[in-house]
Amino acid sequence: MNPISSHPAGPPGPRPFDCSRRPGPPALVLVAHGSRDPRALETMRAIMERVRRLRCAVPVRLGHIELNEPLLPDTLAALGTAPAVLVPLLLTRGHHVKHDIPDVIAATAAHARMAAPLGPHPLLVQTLYERLMEAGWPAAANEATRRTGAVVLAAAGSRDPDSAADTRRTARLLADRLGVPVVPAYASAARPTVPTALRALAARGRDRIAVAACFTAPGRFATQCAQAAPWLASAPLGDHPALARLVLHRYDQALADPATAAALARASAGEPAPASA
């Protein structure tokens, strides 16, 4: 007789805890605009990988509003009924944040909630500042720089007044960091344009003017604004450590909201999604 089976069975011991049954954290869906520039998609994938490395327990996905795959509706469809927080890789409260992304959420069965856009925030300013340093802006501004230097904060532009207010706030925070004037300007849909802002600063005696790219990734607008720079132009925000931390901050902020936490808890429990998210 097998020596193990020759003894009477004792009382069953405690069953091992099945970790797979514990609900994991909600997915983090990065929502990018999309671009025909192939560098934009490469940048979004790099941002996604950096965020994953910072928070390995969180499933991270990518969805685009237009022009690139995966499109946001397809990303949400692949998640099914799993809870998710959408973090827009957008820098202000414009039409995409207020209408396009909520419309996509409402049209799906996803248990999804949207976080705030990336800006304005000190971590966004940190990213802008370090990109300017990489482009050649002096790390220690002397009297000449403070007297003759300036920055044009180049953004995409929007007709939404909240978007313009957010860009102005980011410009003020960056000006405080640099100690020189920072003027917001736009590639489309808003005024002043980047060339207009450059001329206005030159008329004030500011002849060392940098263009700070307030764009998440390379694209047509970022290229046009950089080409207008009379001195130096910074690279788009891209795969920067501070930007990845900002993404996770917005994700955590959304989860700290009581209404969002309750809705996602219901999703984890298997309850159906509400009629509108």
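## Overall make-up

Helices and strands here are DSSP runs, with at least four residues for a helix and at least two for a strand, numbered from the N terminus. Counted that way, the protein chain has 10 helices and 8 strands. Keep in mind that this is a predicted model.

Of the 277 residues in the protein chain, 45% are buried. As for contacts, take the ones between residues at least 6 apart in sequence: 75% of these join residues at least 24 apart.

## The sheet with S1 to S4

One open sheet has 4 strands, running in the order S2-S1-S3-S4 with parallel pairing. Strand S2 (60-64) and S4 sit at the edges with a single partner strand each, so each has one side without a neighbour in the sheet. From one strand to the next, the twist averages 30°.

Inside this sheet, strand S1 (residues 27-32) pairs with S3 in the parallel sense, over 5 bridges. If you want a specific spot to look at, valine 31 has proline 88 in S3 as its bridge partner.

## Helices H9 and H10

Two helices lie across strands of that sheet. H9 lies across S1 and S3, at about 135° to S3, while H10 lies across S3 and S4 and runs at about 140° to S3.

Which residues of helix H10 are buried? In H10 (residues 258-268), they are Thr260, Ala263, Leu264 and Ala267. These four span an arc of only 95° around the axis, which means they are on the same side of H10. And what covers them? The cover includes strand S3 (83-88), strand S4 (111-114) and helix H9 (241-256). So H9 turns up twice in this story, because the helix that lies across S1 and S3 is also part of what covers the buried residues of H10, by the contact cut-off of 4.5 Å between heavy atoms.

## The sheet with S5 to S8

The other open sheet to look at also has 4 strands, in the order S6-S5-S7-S8, and the pairing is parallel. Strand S6 (182-186) and strand S8 (232-233) are its edge strands, each pairing on one side only. Strand S7 (residues 208-213) pairs with S8 in the parallel sense over 2 bridges, and alanine 210 stands opposite leucine 232 in S8. Helix H7 (residues 194-203) packs on this sheet, where it touches strand S5 (149-155), S6 and S7. The direction of H7 makes about 165° with that of S5.

Over at S6, the pairing with S5 is parallel and takes in 5 bridges. Leucine 153 has proline 184 in S6 as its bridge partner. Going from S5 through helix H6 (residues 161-178) to S6 gives a right-handed β-α-β unit. Edge strand or not, S6 is mostly covered, with 4 of its 5 residues buried.

## Cysteines

How many disulfides are there? The count comes to 0, taking a disulfide as a pair of cysteine sulfur atoms within 2.5 Å.

Two cysteines make a nice contrast in exposure. Cysteine 56 has a relative accessible area of 73% and is therefore exposed, the cut-off being over 50%. Cysteine 225 has a relative accessible area of 4%, so this residue is buried; buried means under 20%.

Conventions:
Residues are numbered from 1 along each chain as its sequence is written. This is a predicted model: local features need pLDDT of at least 70, side-chain atom pairs count only at pLDDT 80 or more; totals for chains, interfaces and linings use all residues. Side-chain values use heavy atoms; hydrogens and water are left out. Buried means under 20% relative accessible area, exposed over 50%, partly exposed in between (1.4 Å probe, protein chains only). The arc is that of the directions from the helix axis to the C-beta atoms. Two strands pair if DSSP finds at least two bridges between them. Axes are lines fitted to C-alpha atoms, for helices over the stretch in contact, and angles run from 0 to 180 degrees between N-to-C directions. A crossover is right-handed if, with the strands pointing away from the viewer, the path from the first strand over the helix to the second runs clockwise.
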